[in-house]
Amino acid sequence: MSPTVDFTYTDEQLELRGVLRKYLAAHSPESVVRELMDSAGGYDRAQWKDLADQLGLQGLLVPEEYGGLGLGATELGVVMEELGAHLACLPFLSTSVLATTVLLSADGEAAAAWLPGIVAGEVTATVAVTEGRGAWDPAAITTEAVPACGGRYLVTGVKTFVPDGHTADLVLVAARSGGELLLLAVEADTPGLSRHPHSTMDQTRRFATLEFGGAPATPIGGDAAKALDRAHHVALAALSAEQVGGAQRCLDMAVEYAKNRFQFGRPIGSFQAIKHKCADLLILIEAARAASAFALWSADADAEGLPLAAAMAKVTCSEAFFRAAADNIQIHGGIGFTWEHPAHLYFKRAKSSELLWGDPALHRERISRLLELTV
Amino acid sequence: MSQPRIDEDEARSLARALVADLPPARTPVRDFLAAQFDRGLAWINHPPGHGGLGADVRLQAAVNHVIKEAGGPDAFEINPIGHGMCAPTLVVWGTEEQKRRHLRPLFTGEEIWCQLFSEPGAGSDVAGLAARARRDGAEWVADGQKVWTTMAHRSSWGLLIARTDPDAVKHQGLTAFLLDMSAPGVEVRPLYQLTGEAEFNEVFLDGVRIPDAARLGRVGDGWKVVLTTLMNERVSIGGVIPPRGSGPIARLVERYRELARTDPATARLHTGAVADLWVRAEVLRLANIRLSQLRTGDTPGPEGSISKIIAADLNKDVYSELVTLMGAEGLLYESYDKVRPVLAMEYSTPQKAFLRSRANSIEGGTSEVMKNVLAERVLGLPGDPRADKDVPWRDIPRS
Ligand SMILES: Cc1cc2nc3c(=O)[nH]c(=O)nc-3n(C[C@H](O)[C@H](O)[C@H](O)COP(=O)(O)OP(=O)(O)OC[C@H]3O[C@@H](n4cnc5c(N)ncnc54)[C@H](O)[C@@H]3O)c2cc1C
């Protein structure tokens, strides 16, 4: 018997949501998002540091022994939802979800070396796994790590679509040494690492190609395959909560507009075509919330069930967010198609989230394997 | 009126003669289009002298096909709003003098046209528009704001609808005008869309003087003029008949084949979706052929909305799948540099096409509103209760 899922929020979790919502309303309004969207780095280091000083969220998943909050995946979901609703331009998914999860599976030395800096908002980090088309597939990794002196390695290979790869201070790169998969820490200013930021459709989330040409690297220990697997699923669960937050914001925008926009002498929300579109989104988002919360809960309480739960969440939340963002444009009519209106920012985020780490078709395939439905 | 005086073979041989006399490769575009107009092959259903031969409208497809095969220019692409919407409206509503003055340079692309219907407060409900035109002797004075005006920044002329009687019920107080876009008081400001480009604009009218000779149709007939334009717009957007498997679906299939070569396991996950989209594209093509063969009059009926709705959904879905097939590469975008394009409807890269196609279910009338038209005008279902009927326009509730 697996433990029973609990979808209710504690008072502390609700308070966390309230505090963060207020913080983001003040520090990450649309005007700031648009400014950062156009900046080279894509986020503001001072703001990142301020978030650490004020709320300490960078250390959300980090145990107290490293200075973190030691909270769980449900709290992570609360945070991701708010970040998604505001399209906050912060390296949170890369630093505080991916890299942090990987470091928590590493040996104590690496964790002690890096986590306090991350918690303090002084170090940003990312994980470089994907190659080629960008699928998360550790078995297909070709990047190589060759032993050098002093327990260090030299890494050679190309990683694509590394989240925040152009700004991260620390890159945890997955590479192969002989038959063995390793995770190695590479500092960003290391000679032998060149970084090429992509020009992204969703300008609020950045990726880079990282070229390692014999870059010196320190292995972080632990079971790399396991650590990557865990990071992948936790990141998918976190992403699904971000998608829920974005979808909900799209629905809120659409409903607000449908109440106030008059055509034919009536609010457009009084036309059933629009009313039903909104109700359909409510239904989709409700389902997405359940799928996402279940994945987050599984991350803490049911490691065995996590891969299935994470894949279900990826499929459900990707589709809900895309629909919500697309319908939000449609419900706004011409104004929803303009640069000046925020609807497109969510639409681009929705597509980029749908494709990140595997599209729904890929995750359906994974689900069918997990359910042993393949013939 | 359009009597089918020539048949398809004759139309084709006239088109062959055109491309033989003026080989597209060696003829300047404008000269070619001028000759096409003068030979009555521009809009073959128009009367002689106005770009046509008074022939059956369905013969135009045969003419276009021959010209396209020979590498000839596409007048529609150069001046889409003018060609697809303003010209058919002019030919129905224009005086002899107006037709003679405007149709030829419109067709050759010498004079680009835009459509000044929508306003901030009047999109779907375009009959609720507020831009005013007041009579002043032999002139009219226009004030107000138009919005989403595609290609206004390149236009010499605009088809303007303005309110001439705010005390009449809303459909009756409107009048159409041919607006000289270079007239004093016309200001065009770019409006950027989510692709980063400004195909469309805001157009401000401030005390713009329009001669009464530039009025299109009678005073108060503006709504009838609008209907002519919108019917043609729907056909012009949704009713193109491409060869089987061409256009957006060809791009999708090509991308799929490439993926099948490089990453068959991933391609397999998308086979069903691609086949489904291919079927939808092909069925739309067949439906368009069917509708065009059944069409008799010069002005298409509300059935045109069927093609437009299908095409909008299909386009959006095809381009979304195209970006999906690219994997993470689909997350990239060339550049959001703000530009004011020369041609409307840029679908160059898959990502740009993906973003641009979102407007397909909004531009030229939203899919929701067109379904209302189908339900009420084709199926005869009762309309919504109306708060804006039988009341003077100035008393209608608005936001
Ligand atoms: C790319 C682009 C190019 C354009 N080019 C031109 C141009 O050149 N010239 C021009 O005049 N206009 C142009 N338009 C404007 C276009 O015709 C309008 O955007 C469209 O008619 C919708 O009007 P709106 O934007 O005001 O939306 P609204 O009318 O405010 O509609 C908002 C939402 O309400 C829905 N709605 C409204 N009424 C009803 C109803 N009765 N029943 C059910 N649902 C309803 C709509 O479907 C939509 O989803 C262009 C638009 C776009 C996007």
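## Polar contacts and salt bridges

Across the interface of chain B and chain A there are 23 residue pairs in polar contact, both partners having pLDDT 80 or more. Keep in mind as you look around that this is a predicted model.

Salt bridges turn up here too: two of them cross the interface of chain B and chain A. If you would like one to find on screen, look for B:Asp263 and A:Arg133, which form a salt bridge with their closest N and O atoms 3.7 Å apart.

## What chain B brings

Several helices of chain B help build the side that touches chain A. Helix H9 (264-294), helix H10 (304-325), helix H11 (350-356) and helix H12 (367-378) each supply at least two residues to that side. The biggest giver is H10(B), with five residues.

What kinds of residues make up this side of chain B? By class, there are 25 nonpolar, 17 polar and 14 charged residues on the side that touches chain A.

## The extent of the interface

The size of an interface is often given as the accessible area lost when the parts come together. Between chain B and chain A, the buried area is about 4100 Å², and carbon and sulfur atoms give 64% of that. In terms of residues, chain B puts 56 into the contact and chain A puts in 44.

## Domains of chain B

To find your way along chain B, it helps to know its divisions: domain 1 (8-108), domain 2 (113-221) and domain 3 (239-378). Taken over C-alpha atoms, the centres of domain 1 of chain B and domain 3 of chain B are separated by 26 Å.

Key. Residues numbered from 1 in each chain as written. Chains lettered and ligands numbered in written order. Predicted model: local features only at pLDDT ≥ 70, side-chain atom pairs only at ≥ 80, totals over all residues. Heavy atoms only, no water. Contact = heavy atoms within 4.5 Å. Buried area = accessible area lost by both parts, 1.4 Å probe. Salt bridge = Lys/Arg side-chain N within 4 Å of Asp/Glu carboxyl O. Polar contact = N/O pair within 3.5 Å; in protein donor to acceptor, adjacent residues only side chain to side chain. Helix = DSSP H or I, 4+ residues; strand = E, 2+ residues; numbered from the N terminus. Nonpolar A, V, L, I, M, F, W, Y, C, P; charged D, E, K, R; others polar. Domains from an automatic or database assignment.
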